[in-house]
Amino acid sequence: MQLHLSAITADLSNAFLSYSCAFAPFPPATTDLFTAEPATTAAGVANSETMSAQAELQKLNKLNAVSYQRFVRAFKMVQAAQDKSCETDLIMLMNKVDTNNLLEYNHLMHILTKVRYKPVLVNTAGINLLDRMRKRGIYPDTVTYTSFINLLKKDRNADKAWLVFRRMREEKVQPNEWTYSTMAHICALKRNPKAAEELLGLMEEDRVVPNFIVMAGFVDAFLAAGQVERTWELIDSMRKQHRVRPNRFTLDYIMKSTLRENKEWDAWVEQHGEASATVATTPPAESDTESGATSSVSEREAGHASDAVSKKLERVKLVLRFLRREHGLTPSTKTFNALIAWCTKGKRTEIELAWRLKRLMKAYRLRPDNVTYVPLLNYYVKQLKARSTDSDIDYAEPQPRQGDEDGEDEGEGEECDDGSRYEGGSSADAGEPGVEEPYDGIQRTLQDMQAEGVESDPATTFTLIIDAHAASGDAERCFGAYADMRRDQVMPTVATYATLLRFCEKHGNVEKACALWEDIKADQIRLPWNVICFLLRATLTNNKTDTAFRLAEELSQLYKPQFVYSQLLTICDQLADVWQAERVWRVMRAKKIPVYARTKQLLADFGLNPDEPHHT
């Protein structure tokens, strides 16, 4: 089931022109938005897999000990479900796994490296695994230590990673290529070239022959520290001594580094720009006719775009030509996707550079995909929310974005010649997307996707539209888009419900929040607890205590009752509502619900006696 973008953009063209108006309504129900018959969506399949994983984890949690085979089976189910709460339950369950096999312990440690959330909890589980191994007389090997160091890298704990690495060598456990590659990336986290040089010496001492993985790690380490010339020396030496050639991973690290402000890159560009003056200024993949067209476009853009953006773009082109000429490397769609995502990340708002990189893909005969447009759409939605905040309009909080894997800090805006802070330039011409009104940007992005033949996931597109309505505070269109989503049998995602419930909480729409809760139960979607809090807060904020108790009763079937009612007391504390806190406490006593230490403190703050005996 794929969404025709033309059906949306044609109906939204007028609505995007005005900031005061959000997305226009969808076409009438008789208009087919999808190419296929309504069927089970990907979100629906994922939902059934989540339920299966939750059921399996609940069974295993009741056991005193879990076999290695059953745990691995549960891990595969959790992987298929891709549910954050399931991954947390899986980590907690690892303490029950009973095994005396080194290979099985190594696999358990490797499983921890696949967990995407809760890095502190994952590291604790890794330490517990090492302790259990030693208590049973099983000593870690290279795979065990390397996997644990990888866990520390994901947690950005460079100091502890170095302690583990030194202990590994003290115990005469031989590091391998993966170990040194991981440690090199840890050096990149701290921008520590001296530690990277030390690693190179230790690697030679341990007689570890570098491969392309090791090369990519050390390239990341030296470029993160801004040592461009040392990076090229490393690549040349590994190529001559060990016949290791740079590959796509090395290319990605090099290209990301070209977008950073670095004096060494500027010096390198000046040196090699003159040497390559006789080389064609367009990418080698272009034909002669395409080359002339692109050159004229580049000249026109250079006259309008800022100097900073033009300088970075020319640097990217020069490095790509150099890598192709010297090492036979050509970029892929993934390479450009990473660069575009970098331009729109954090405080960096170089949206014009992102669009010009996207247009540069055509010169290399590369087609953008869905991943190419995700950071562009997220950027415009983020700008819309920021503008709504400035105008005191309540809006839904943005969803968490995937972390930066290469460990770089968020960049600041660049300073222009006039002393102002540059956060992206204007578009090269009126027909090209650039820094503009958020609604115009989203519309043009969708139109560009249509022109490139890239189709969007229906659930993602509907969620984006709902999010934009919520940002503008338009309840009618926000829930109208949700109704259209249900009408076309597109399964809402966790992000969809999070945005809607947050909107209900901010605007006090308890009836809509309760209706959403019924839909959530019908869809059998397990929401993260922070999203559930939006629902509870919406009821208590508007003095709907009876509704809050009814919801708490239902939530107690999914979560621990003491956790649910403790959250109700926390919300009462945030609202400074003693009357509702007393009612919550009376219900807890009537139901004989255990009390947390934190809950006792809240009750004491309200002047209630937490040690008062339960009664019916």
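Buried means under 20% relative accessible area, exposed means over 50%, and partly exposed covers what lies in between, with a 1.4 Å probe and protein chains only.

The model treated here is predicted, so local features need pLDDT of at least 70 and side-chain atom pairs count only at pLDDT 80 or more, while totals for chains, interfaces and linings use all residues. Residues are numbered from 1 along each chain as its sequence is written, and side-chain values use heavy atoms, with hydrogens and water left out.

**Exercise 1. Describe the overall make-up of the protein.**

Step 1. Begin with the secondary structure, where helices (H or I, at least four residues) and strands (E, at least two) are DSSP runs numbered from the N terminus. The protein has 29 helices and four strands.

Step 2. Turn to burial and surface: of the 616 residues, 51% count as buried. The protein exposes about 29,000 Å², and carbon and sulfur atoms supply 49% of that area, as calculated by the Shrake-Rupley method with a 1.4 Å probe.

Step 3. Consider the contacts, a contact being heavy atoms within 4.5 Å. Among contacts with a separation of 6 or more, 73% are accounted for by residues 24 or more positions apart.

**Exercise 2. Find which residues other than glycine have a positive phi, and place them.**

Step 1. Arg 191 is one of them, with phi near 50°. Arg 191 sits in the loop between α9 (177–190) and α10 (193–205), and at a relative accessible area of 31% Arg 191 is partly exposed.

Step 2. Gln 489, also not a glycine, has a positive phi of about 60°. The loop that holds Gln 489 runs between α22 (475–487) and α23 (494–507), and Gln 489 is partly exposed, with a relative accessible area of 47%.

**Exercise 3. Work out what the salt bridge between Arg 70 and Glu 56 ties together.**

Step 1. A salt bridge is a side-chain nitrogen of Lys or Arg within 4 Å of a carboxyl oxygen of Asp or Glu, and the structure holds 29 of these salt bridges.

Step 2. In the salt bridge of Arg 70 with Glu 56, the closest N and O atoms are 3.1 Å apart. Because Arg 70 lies in helix α3 (residues 68–81) and Glu 56 in helix α2 (residues 42–61), the pair ties together parts that are 14 residues apart in sequence.

Step 3. Compare the two partners: Arg 70 is partly exposed, with a relative accessible area of 34%, whereas Glu 56 is buried, with a relative accessible area of 6%. When residues up to four places away in sequence are not counted, Glu 56 touches Arg 70, Arg 73, Ala 74 and Met 77.

**Exercise 4. Trace the salt bridges of Lys 521 and relate them to helix α26.**

Step 1. The side chains of Glu 518 and Lys 521 meet in a salt bridge at 3.4 Å, N to O. These two residues are three residues apart in helix α24 and are therefore separated by about one helical turn.

Step 2. Lys 521 also forms a salt bridge with Glu 554, in which the closest N and O atoms are 2.9 Å apart. Since Lys 521 lies in helix α24 and Glu 554 in helix α26, this pair ties together parts that are 33 residues apart in sequence.

Step 3. Add the accessibilities: Glu 518 is partly exposed at 38%, Lys 521 is partly exposed at 34%, and Glu 554 is partly exposed at 22%.

Step 4. Look at helix α26 (residues 545–555) itself, where Thr 545, Thr 547, Ala 548, Phe 549, Leu 551, Ala 552 and Leu 555 are buried. What covers these buried residues includes α24 (510–523), α25 (529–541), α27 (561–575) and α28 (578–590).

**Exercise 5. Identify the members of the patch of negative charge on the surface.**

Step 1. Patches are made of residues with over 30% relative accessible area and no salt bridge, with like charges joined within 9 Å and nonpolar side chains (Val, Leu, Ile, Met, Phe, Trp, Tyr) within 5 Å. Asp and Glu count as negative, and Lys and Arg as positive, while His and the chain ends are not counted; the place of a charge is taken as NZ of Lys, CZ of Arg, CG of Asp or CD of Glu.

Step 2. The members are Glu 229, Glu 233, Asp 236 and Glu 264. Helix α12 (residues 228–242) supplies the largest share, three residues.

Step 3. Glu 233 is found in helix α12, and Glu 233 is partly exposed, with a relative accessible area of 47%.
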